[in-house]
Amino acid sequence: MTVVSSNEAYSFTKPNRESITLLAGLGVEGDVHAGVTVKHRSRVAQDPTQPNLRQVHLIHEELFGEVREAGFEVAPGDLGENVTTSGVDLLALPVGTLLHLGDEAVVEVTGLRNPCLQIDNFQDGLLKQVVGRDGTGRIVRKAGIMGIVAAGGVVRPGDPIEVELPVGPHRALERV
């Protein structure tokens with residue numbers, strides 16, 4: 001893990017922190033998106049009783065280098081993520097993967113972040129860098145993954161990440 005971020009107020013970016021505390025079944029302590037039911041405004045408008053499968057947002061630091069090559073400057077926390085990783089192919093993980101963060105915390109991967117127009121409000125044209133189509137016309141989302149907190153604990157920059165793949169057939173990540 002390279003950086004951890006949280007924000008108690010609705011805003012697109014999240015300030016970097018010395019540590020964050022993950023709370024089982026809720027998300028990041030003090031973060032506006034923590035809760036048992038959905039907290040993202042668009043999801044609340046659809047159905048405020050649906051479960052919150054987006055308690056923790058993780059982005060791979062490698063994405064920042066990729067968008068930098070296209071002329072964009074993005075730093076950890078800028079895209080609203082809680083955890084910035086390095087060296088883990090987050091987008092290739094299957095649904096149900098357990099990410100052991102630090103000594104105690106465990107996040108269960110639920111799906112891909114669905115990038116929205118707020119990304120273009122942050123930097124015009126950035127949305128096309130983090131969502132597009134592959135050669136077959138399939139939508140490719142690169143703005144990180146979402147998860148729920150299976151076990152709580154304190155997470156700090158520099159903490160190790162251990163990936164535990166689920167047993168059985170793996171299901172590819174879809175947007176949540």
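Author: Let's start with a word we'll need all the way through: buried means under 20% relative accessible area. The model is a predicted one, and in helix H2 (residues 62-69) the residues that pass this test are Leu63, Phe64 and Val67.

Reader: What makes those buried residues of H2 line one face of the helix?

Author: Look down the axis of H2: its buried residues fall within an arc of 100°, so they sit along one face. As background, an α-helix has 3.6 residues a turn, so residues three or four places apart point the same way.

Reader: And what covers the buried residues of H2?

Author: The cover includes strand E5, strand E6 (83-85) and helix H4 (127-130). After H2 comes glycine 71, which has a positive phi, near 95°.

Reader: Why is E5 called largely enclosed?

Author: Count its residues: 5 of the 5 are buried, so the rest of the structure largely encloses E5. Val56, Leu58 and His60 point one way, His57 and Ile59 the other, and all are buried. That fits the usual pattern, in which side chains in a regular strand alternate between the two faces of the sheet.

Reader: How do you know that E5 pairs with E11, and in which sense?

Author: Two strands count as paired if there are at least two bridges between them, so the 3 bridges between E5 (residues 56-60) and E11 (residues 145-151) are enough. The sense is antiparallel. Within this pair, leucine 58 has isoleucine 145 as its bridge partner, and histidine 57 stands opposite methionine 146.

Reader: How many bridges join E5 to E6, and which way do they run?

Author: There are 3 bridges, and the two strands run parallel. Leucine 58 turns up again here, with valine 83 as its bridge partner in E6. E11 also has strand E8 (residues 105-112) as a partner, antiparallel over 6 bridges. One of the matches there is glycine 111 with methionine 146.

Reader: There's another sheet, E4-E3-E12. What makes E4 and E12 the edge strands?

Author: The order of this open sheet is E4-E3-E12, with antiparallel pairing, and E4 (27-28) and E12 each pair on one side only. Strand E3 (residues 20-23) meets E12 over 3 bridges, and leucine 22 has glycine 153 as its bridge partner in E12.

Reader: On to charges. What makes arginine 17 and glutamate 8 a salt bridge?

Author: Their closest N and O atoms are 3.6 Å apart, and the cut-off is a side-chain nitrogen of Lys or Arg within 4 Å of a carboxyl oxygen of Asp or Glu, so the pair qualifies. The structure holds 5 salt bridges. Among them are glutamate 73 with arginine 68, at 3.4 Å from N to O, and aspartate 134 with arginine 138, at 3.2 Å.

Reader: Why does glutamate 8 count as exposed, and what does arginine 17 count as?

Author: Exposed needs over 50%, so glutamate 8 gets there with 57% relative accessibility. Arginine 17, at 31%, is partly exposed. The pair of glutamate 73 and arginine 68 splits likewise: glutamate 73 is exposed at 51%, whereas arginine 68 is partly exposed at 42%. In the remaining pair I named, arginine 138 is exposed at 53% and aspartate 134 is partly exposed at 27%.

Reader: How do you know that aspartate 159 has no salt bridge?

Author: Its nearest side chain of opposite charge, arginine 156, is 5.0 Å away. The cut-off is 4 Å, so this pair misses it, even though aspartate 159 is buried.

Reader: What does the side chain of aspartate 159 reach, then?

Author: The backbone nitrogen of arginine 156, at 2.8 Å. The limit for a polar contact is 3.5 Å, so that distance is inside it. Aspartate 159 lies in the loop between E12 (153-155) and E13 (161-164). Beyond its neighbours within four places in sequence, aspartate 159 is in contact with Met1, Gly102 and Val154.

Reader: Last one: what makes glycine 125 partly exposed?

Author: Glycine 125 has 25% relative accessibility, so it falls between the 20% and 50% limits. It sits in the loop between helix H3 (118-122) and H4, and touches Phe72 and Asp120, leaving out residues up to four places away in sequence. From glycine 111, glycine 125 is 14 residues away in sequence and 24 Å away in space, C-alpha to C-alpha.

How values were computed: Residues numbered from 1 in each chain as written. Predicted model: local features only at pLDDT ≥ 70, side-chain atom pairs only at ≥ 80, totals over all residues. Heavy atoms only, no water. Helix = DSSP H or I, 4+ residues; strand = E, 2+ residues; numbered from the N terminus. Buried < 20%, exposed > 50% of the residue type's maximum accessible area, 1.4 Å probe, protein only. Lys, Arg positive; Asp, Glu negative; His and termini not counted. Polar contact = N/O pair within 3.5 Å; in protein donor to acceptor, adjacent residues only side chain to side chain. Contact = heavy atoms within 4.5 Å. Arc of directions from axis to C-beta.
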